[in-house]
Amino acid sequence: MITETTAKKLITGTNGEVTGVVAEKKDGTTLEVTAKSIIMATGGYAANKEMVKEAFGFEGINGGLGQNIGEGLEMAWAAGAKVPDNFGGQMLHQTLARATGKLKEQYTSFEASYPLMLSYLPNFMNVGPSGARFRDEAATLEAVAAANTSAFNGPYHLVIVSQSQIDALTTQGMNGVRAPGLPGMPPEFYADFQAQFKLDTPWKNAQQVFDSMVENGDGYKGGTIEELAKNAGMDADVLKNAFNKYQEAIRTGVDTEFGKSKAYLQSMGESGSYYAIIAEINNLGSVGGLLVNTDFQVLNDKRVPVPGLFAVGLESEGVLFNDTYVGNGVGIGYSFTSGRLGGERAAAKALAN
Ligand SMILES: Cc1cc2nc3c(=O)[nH]c(=O)nc-3n(C[C@H](O)[C@H](O)[C@H](O)COP(=O)(O)OP(=O)(O)OC[C@H]3O[C@@H](n4cnc5c(N)ncnc54)[C@H](O)[C@@H]3O)c2cc1C
């Protein structure tokens, strides 16, 4: 085990077999390690914004390790590994509110998390950057579905909140907007305001918090829907049309567009102001980049093993799914399983040679 050492290049033999690694130590000196089997377990490229954008179309927010910048993939590709046909998938998980960071400098953690919490409630209207509604907002009840259904819009969507909803939150908390349950956020998001994280806790200072969100440049406000569209850079006709249809759904209790349950079609009042929360997608990691067989041997362009090279974890996880992460422990499950099996196979191969 050599720590604080970064692998930089694979060493290959005359027949294309991988025979070692060139690495850089913390003090800047170079190290060469030779081995009969090399396993890439370098965790993908989610921290490499340019690479994610090129492969996937947009960056999102990197929620994983900062050191996972795709060096392992670059090394393996340079040694002859195939770029898989489904390359580009990301492990999208959860929604983050852009406003939270700055608001935490101005308000208590509970107050600063108001925009974040609303992005996890099904009874608010969600639109894409154009102003078009794009889903049954009940998808927000489950983190993976929330992130993956939003991704079709690019890196963010907007949660529309009316003045009457803010007033109801101020006096009655989430009960005031008939939240069906607490927002389904990961526990670490509300760990420091657990005591207030209840449906009946009044949202003190809600008006000020949402106005600060807008002043900080992390959300938008308009006196009317048209003004909100203008301020948020949306198409006014597209948002107005979506808003009118949503109001109709609230009135009739039938969402003809996305089939949202009547229970989540709650009144937005008769007039503005209106706010738009910028809700961004959290990316836990890139998925895939190396194609492997069932022995976790890395395959070349002919789908034949590159001798001596194995890949486990995120680096080869594209063999399991494409562009939509399924959640439920599948991420870590593949890393553990491929790590164990790939390690066994690599060791057996090294002993046999
Ligand atoms: C916040 C968060 C929450 C998650 N929650 C879940 C969950 O609930 N369920 C689930 O199934 N999955 C979850 N995941 C996903 C899962 O944890 C990852 O998919 C899995 O840990 C990836 O394992 P890995 O070994 O491929 O990569 P990593 O664990 O990222 O390990 C890669 C290692 O390679 C090192 N490295 C990178 N480049 C080099 C280099 N050039 N030289 C040497 N070393 C290098 C890095 O330092 C790192 O130690 C979560 C991920 C995150 C970030």
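These are my notebook entries on what I looked up in this structure, which is a predicted model.

**Entry 1: the chain as a whole**

I began with the overall make-up, and I counted eleven helices and twelve strands in the chain. Along the principal axes, the C-alpha trace spans about 75 × 40 × 30 Å. I then looked up burial for the chain, and of its 353 residues 49% count as buried. The accessible surface comes to about 16,000 Å², and 52% of that surface belongs to carbon and sulfur atoms. For contacts between residues at least 6 apart in sequence, I noted that 68% join residues at least 24 apart.

**Entry 2: the ligand and its shell**

I turned next to the ligand and asked which residues come nearest to it. There are 22 residues around the ligand, and A7, N68, E71, L314 and I332 come nearest among them. Looking at single atoms, I found a nitrogen atom of the ligand 2.8 Å from an N or O atom in the side chain of E71. On the backbone side, an oxygen atom of the ligand is 3.1 Å from a polar backbone atom of G331, and an oxygen atom of the ligand is 2.7 Å from a polar backbone atom of I332. The ligand on its own has 1,000 Å² of accessible area, of which the protein covers 65%.

I also wanted to know which elements give two or more residues to the shell, and these are β1 (5–12) and α11 (330–352). The largest share, four residues, comes from α11. By residue type, the shell divides into nine nonpolar, twelve polar and one charged.

**Entry 3: strand β12 and its partners**

Is strand β12, residues 305–311, largely enclosed by the rest of the structure or left open? Five of its seven residues are buried, so I noted β12 as largely enclosed. On following its pairing, I found that three bridges join β12 to strand β4 (residues 38–40), and that these two strands run parallel. In this pairing I38 stands opposite L309 of β12.

Strand β11 (residues 297–299) is also joined to β12, here by two bridges, and this pair runs antiparallel. Q297 stands opposite F310 in β12. I noted further that β11 and β12 form a hairpin with five residues between them, and that R303 in the turn has a positive phi of about 60 degrees.

**Entry 4: helix α2**

In helix α2 (residues 71–78), I listed the buried residues as G72, L73, M75, A76 and W77. I then asked what covers them, and the cover includes β1, β4, α1 (49–56) and β12; β12 is the strand that I had found to be largely enclosed by the rest of the structure. Just after α2, I noted that G80 takes a positive phi of about 110 degrees.

**Entry 5: helix α6**

Helix α6 covers residues 143–150, and since six of these eight residues are buried, I recorded the helix as largely enclosed by the rest of the structure. The buried ones are A143, V144, A146, A147, N148 and S150. They pack against β6 (90–97), β8 (156–162) and β10.

**Entry 6: E280 in strand β10**

I stayed with β10 (residues 274–286), because E280 has its place in this strand and counts as buried at 13% relative accessibility, under the 20% cut-off. What does the side chain of E280 make a polar contact with? The partner is the side chain of R98, at 2.9 Å. Leaving aside neighbours within four places in sequence, I found E280 in contact with I61, Q94, T95, L96, R98, P155 and Y156.

**Entry 7: G223 in a loop**

Last, I looked up G223, which lies in the loop between β9 (219–222) and α9 (225–232). Its relative accessible area is 34%, so I noted G223 as partly exposed. Not counting residues up to four places away in sequence, G223 touches G272, S273 and Y274. I also checked its separation from Q266, which is 43 residues apart from G223 along the chain, and the two C-alpha atoms are separated by 20 Å.

Notes: Residues numbered from 1 in each chain as written. Predicted model: local features only at pLDDT ≥ 70, side-chain atom pairs only at ≥ 80, totals over all residues. Heavy atoms only, no water. Near = heavy atom within 4 Å. Polar contact = N/O pair within 3.5 Å; in protein donor to acceptor, adjacent residues only side chain to side chain. Areas by Shrake-Rupley, 256 points an atom, 1.4 Å probe, with all protein chains shown as cover. Nonpolar A, V, L, I, M, F, W, Y, C, P; charged D, E, K, R; others polar. Buried < 20%, exposed > 50% of the residue type's maximum accessible area, 1.4 Å probe, protein only. Pairing = 2+ DSSP bridges. Contact = heavy atoms within 4.5 Å.
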